[in-house]
Amino acid sequence: MPDAGESPMIQAISRELAEPVPVREEWRAALLSELATTELRREGFVARLAGSSIRLRPLVAAAAAIAFTVFGAGVTALVLLRDGARNLPAAREVAASIVPSYGGATSQREVEFVLSAPMARHVALVGDFNRWDPALVPLSRDPETGEWRIAVRLPPGRHVYAFVVDGDLVADPTAARAAADDFGQNSVIMVSSR
Amino acid sequence: MAARHSPADEPSADRVTPRAHPGFNAQVTDAMLVREVLGGDRRAFTTLVERFSPACMRLAMRMLLNRQDAEDATQETFVRAYRALHRYRDTDTFHTWLFQILVNRCRSMLARERRWAMLVVPDDRALEQAVAPRQQTGELRDELGRALASLPTEQREAFLLKHVEMLSYKEMAVVTGARIPALKMRVKRACERLQSLLEEVVDA
């Protein structure tokens, strides 16, 4: 007696359902970003995690958890010093120098993001603050310099972000990397609370 | 450190499913990658993400039937797997272990949605009307989503694991926590239901 599972109909259904589902680059970036701040437990070693529960909706909650665990001034200085040979980060506060914050402050600061990409047709900003959605924050192109810019209000703390340039995910080439061990492929900006 | 990657030491439990591992490098098994991650090389986990996110996304999409939920469930799965990596024992394949987490995430998500949605127990007549002949486009693909949605979640889950993800019944038992006879029954019922729902499409 033939197994119902092997009928031509079931085979056709299986083939159809086995079609691959595309994995979005932004999704992957968001996952790697979250993993970069997740402590790996080893046998007998209990690590303190960024948050005790994994809640992904909204992602702002994860960003807040990340901001909360921000680092003392020493580690922040380390983040910036590692890239000391580079130019100043392309993302900079309009008002003043970047100072780390312990979070908790509710006032947002205006941050300008700049990317030099004269040949690009479309540039968007994605990050933990906008759920890595490239449709939300497009940059505007300066026709004279070929630079793309956008000013965004961000809550104080640490933020992970990247650019989507003509569909490709690109880290900010002049900013600090998202994790000391380069686990993530994204960039980080610290926003002060003053 | 020298003998870390000796193939002779590897358990035979690693299974290769061509669909699941399009870029599989036979030299580096999943269990080896797990050991590297636990040994301090976090980037090895990225390789595991790359190997398994297509299969995870596929199962989650077919189970949850919308992309946002599938992405959330898959993301949660990898984060939980990462946090619990020290508990992985290579008596099961990594694939099986990971899918166990994924199936639980999908079930949680479905249960959450059920709590919020108006709970309607589907009866056969209502389901038949849901795929009424006049609404059918005649394409298998178009009707498949609706047909899957009409399956009870346990049957949907069992069907997908058996006929799409190609797990053995033993692996399915680990992944779902159900016993093999029950799983066989779920698969059989799912096949019968899908067959009858979609025969109308093909004949139309």
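This briefing walks through the fold of chain A, the cysteines, one enclosed helix and one helix pair between chains. Please keep in mind that the model is predicted. Chain A has four helices and nine strands, and no disulfides are found in any chain. Across the chains, helix H2 of chain A packs with helix H3 of chain B.

**Chain A overall**

- Going along the sequence, the elements of chain A come in the order α-α-α-α-β-β-β-β-β-β-β-β-β.
- Chain A has 194 residues, and 42% of them count as buried.
- If you take the contacts in chain A between residues at least 6 apart in sequence, 70% of them link residues at least 24 apart.
- The accessible surface of chain A is about 10100 Å², and carbon and sulfur atoms contribute 56% of that area.

**Cysteines**

- A disulfide is a covalent bond joining the sulfur atoms of two cysteines.
- The structure holds zero disulfides over all chains.
- Why does B:Cys56 have no bond to B:Cys106? The sulfur of B:Cys106 is the closest cysteine sulfur to that of B:Cys56, yet it lies 8.9 Å away, which is too far for a bond; a disulfide needs the two sulfur atoms within 2.5 Å.
- B:Cys56 counts as buried because its relative accessibility is 0%.
- B:Cys191 is buried as well, with a relative accessible area of 1%, so it falls under the 20% cut-off.

**Helix H8 of chain B**

- Helix H8 of chain B covers residues 169-176, and six of its eight residues are buried, so the rest of the structure largely encloses this helix.
- The buried residues of H8(B) are B:Tyr169, B:Glu171, B:Met172, B:Ala173, B:Val175 and B:Thr176.
- Just after H8(B) comes B:Gly177, which has a positive phi, near 80 degrees.

**Helix pair between chains A and B**

- Two packed helices are described by the angle between their axes and by the distance between those axes.
- Helix H2 of chain A (residues 25-36) and helix H3 of chain B (residues 67-83) pack at an angle of about 30 degrees, and their axes are 10 Å apart.
- That angle makes H2(A) roughly parallel to H3(B), because angles under 35 degrees count as roughly parallel.
- The crossing of H2(A) and H3(B) is right-handed.
- On the H2(A) side, the residues that meet H3(B) are A:Trp27, A:Ala30, A:Leu31, A:Glu34 and A:Leu35.
- Their partners in H3(B) are B:Glu71, B:Thr74, B:Gln75, B:Phe78, B:Val79 and B:Tyr82.

Definitions and conventions
Residues numbered from 1 in each chain as written. Chains lettered and ligands numbered in written order. Predicted model: local features only at pLDDT ≥ 70, side-chain atom pairs only at ≥ 80, totals over all residues. Heavy atoms only, no water. Helix = DSSP H or I, 4+ residues; strand = E, 2+ residues; numbered from the N terminus. Buried < 20%, exposed > 50% of the residue type's maximum accessible area, 1.4 Å probe, protein only. Contact = heavy atoms within 4.5 Å. Areas by Shrake-Rupley, 256 points an atom, 1.4 Å probe, with all protein chains shown as cover. Axes fitted to C-alpha atoms, helices over the stretch in contact; angles between N-to-C directions. Parallel < 35°, antiparallel > 145°, perpendicular 65-115°, else oblique. Left-handed = near helix turned anticlockwise from the far one by under 90°.
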